[in-house]
Amino acid sequence: MADAHASPNYWMIWLYLFLLTVVEIAVIYMPLAKIIIAILLVTLACYKAFLVAMYFMHLKFERRTLGIIALTPFVLCVFLILMLLPDIS
Amino acid sequence: MSEAAAVMHPAVEPAESPLTPESWGKLGMWVFLAGDAMSFGCLLVGYGLLRSASSNWPVPATTLGINLTALMTFLLICSSVTMVKGLEAVKNNQRGRAKMYLLLTALGGAGFRGLQAYEWTSLIHEGLKIYENPWGSSLFGTTFFVITGFHGMHVTGGVIYLLVMLSIVSKPSTALGLGWAYNVVEITGLYWHFVDLIWIMVFTFIYLL
């Protein structure tokens, strides 16, 4: 049972992370609007962070309590950004 | 009598709640990492605020250069894989492999720091200081050094942490398999992957955006 979840294919995750990094670097040289580049980069970074947390940090196979703890700083950061938005003109 | 004993020693109470973790150490590390993520979150949000308020922020990708940083990113991703492989080896009772992978992970972190030292030195020679730089807003240098430095300190701490684990796993008296050693190496892994995760964010926000 322990083995059923303990061994995701780590080299596949490594490959994904590597390819996503290559895509990120390629994105900044693309002739796109700045805002689209920004959205793409943030999305790709969040997806990479998600992969690391889910597979390398085993969050996918843990109890929900740990997932909620892991999610807390992200929620707080979103609040922080929303609270600071009025200061950005 | 037994009731009184249970009150006096709540730790021996066998009852479990959904909040009782499988490993208190792991829970402790996650709580620490959530707090640490908040530190980085505040730094990055502050960076965004300062940058958006500035009219002469330099373009990071061209001023900082991203080739070397891409290599550093690659190194950290690789060291994350060697970390999970090391943990797998501890579980499978392969002491030699566990030692090799933990050493490779620590070397990856040390290599990252080496490249960062080289990067900082060349940028300082180009004129990027913590209080001024030739390209624009002085806060560009301040935020760069504070954020990459704070992350670098985490990497240094992680390398020391990994070397301690290496010495524990190397001792023939340490029992491998799914036991205490597996638990502590797994917790070390959580910290190490977190440092990798934060670098993914730093790389995106400080270098690419």
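User: How many other C-beta atoms does N93(B) have within 10 Å?
Analyst: This is a predicted model, where local features need pLDDT (the predictor's confidence in each residue, from 0 to 100) of at least 70, side-chain atom pairs count only at pLDDT 80 or more, and totals for chains, interfaces and linings use all residues. Residues are numbered from 1 along each chain as its sequence is written, while chains are lettered from A and ligands numbered from 1 in the order in which they are written. A residue is buried if 20 or more other C-beta atoms (placed from the backbone) lie within 10 Å of its own, exposed if 12 or fewer, and partly exposed in between. N93(B) is partly exposed because its count within 10 Å is 13.

User: Where is N93(B) found, and what is its phi?
Analyst: Helices (H or I, at least four residues) and strands (E, at least two) are DSSP runs numbered from the N terminus. On that numbering, N93(B) is found in the loop between α4 and α5 of chain B. Although N93(B) is not a glycine, its phi is positive, at about 65°.

User: Is H58(A) buried or exposed?
Analyst: H58(A) is another residue with a positive phi, about 60°, although it is not a glycine. Its place is the loop between α3 and α4 of chain A. Because H58(A) has 20 C-beta neighbours inside 10 Å, it counts as buried.

User: Which elements of chain B do the buried residues of α5(B) pack against?
Analyst: Helix α5 of chain B covers residues 95–126, 32 in number, and reaches 46 Å from its first C-alpha to its last, close to the 46 Å expected at 1.5 Å a residue (the expected span is 1.5 Å times one less than the number of residues). Just after this helix, G127(B) has a positive phi of about 110°. Its buried residues include Y101(B), L102(B), T105(B) and F112(B). Their packing partners in chain B are α4 (67–91), α6 (139–170) and α7 (180–208).

User: Why is chain B called more spread out than a compact globule, and what is its radius of gyration?
Analyst: Chain B has 7 helices and 0 strands. The globule rule (2.2 Å times the number of residues to the power 0.38, with the radius of gyration taken over C-alpha atoms) gives 17 Å for its 209 residues. Chain B is more spread out than a compact globule because its value is well over that, at 21 Å.

User: What box do the C-alpha atoms of chain A fill?
Analyst: Chain A consists of 4 helices and 0 strands. A compact globule of 89 residues would have a radius of gyration near 12 Å, but chain A has 17 Å, and 17% of its residues count as buried. Along the principal axes, the box is roughly 55 × 30 × 10 Å.

User: Which element of chain A gives the most to the side that touches chain B?
Analyst: Counting two residues as in contact if their C-beta atoms, placed from the backbone, lie within 7 Å, 33 residues of chain A meet 33 residues of chain B. The elements giving two or more residues to the chain A side are α2 (10–27), α3 (34–56) and α4 (64–84). With 11 residues, the one that gives the most is α4(A).

User: How many nonpolar residues are on the side of chain A that touches chain B?
Analyst: Ala, Val, Leu, Ile, Met, Phe, Trp, Tyr, Cys and Pro count as nonpolar, Asp, Glu, Lys and Arg as charged, and the others, Gly among them, as polar. That side has 4 polar and 3 charged residues, and its nonpolar residues number 26.

User: Which element gives the largest share of the largest nonpolar core?
Analyst: A nonpolar core is a set of buried Ala, Val, Leu, Ile, Met, Phe, Trp, Tyr and Cys residues joined through C-beta atoms within 7 Å. The largest one has 61 residues, and L102(B), V169(B), L190(B), I198(B) and V202(B) touch the most other members. Two or more residues each come from α3 of chain A and from α2 (24–53), α4, α5, α6 and α7 of chain B. The largest share, 19 residues, comes from α7(B).

User: What ipTM does the predictor give the complex?
Analyst: Chain B has a mean pLDDT of 88, and 90% of its residues reach 70 or more. Over residues 1–6 of chain B, however, the pLDDT is below 50. Where pLDDT is low, the predicted coordinates should not be read in detail. For the complex, the pTM is 0.88 and the ipTM is 0.87.
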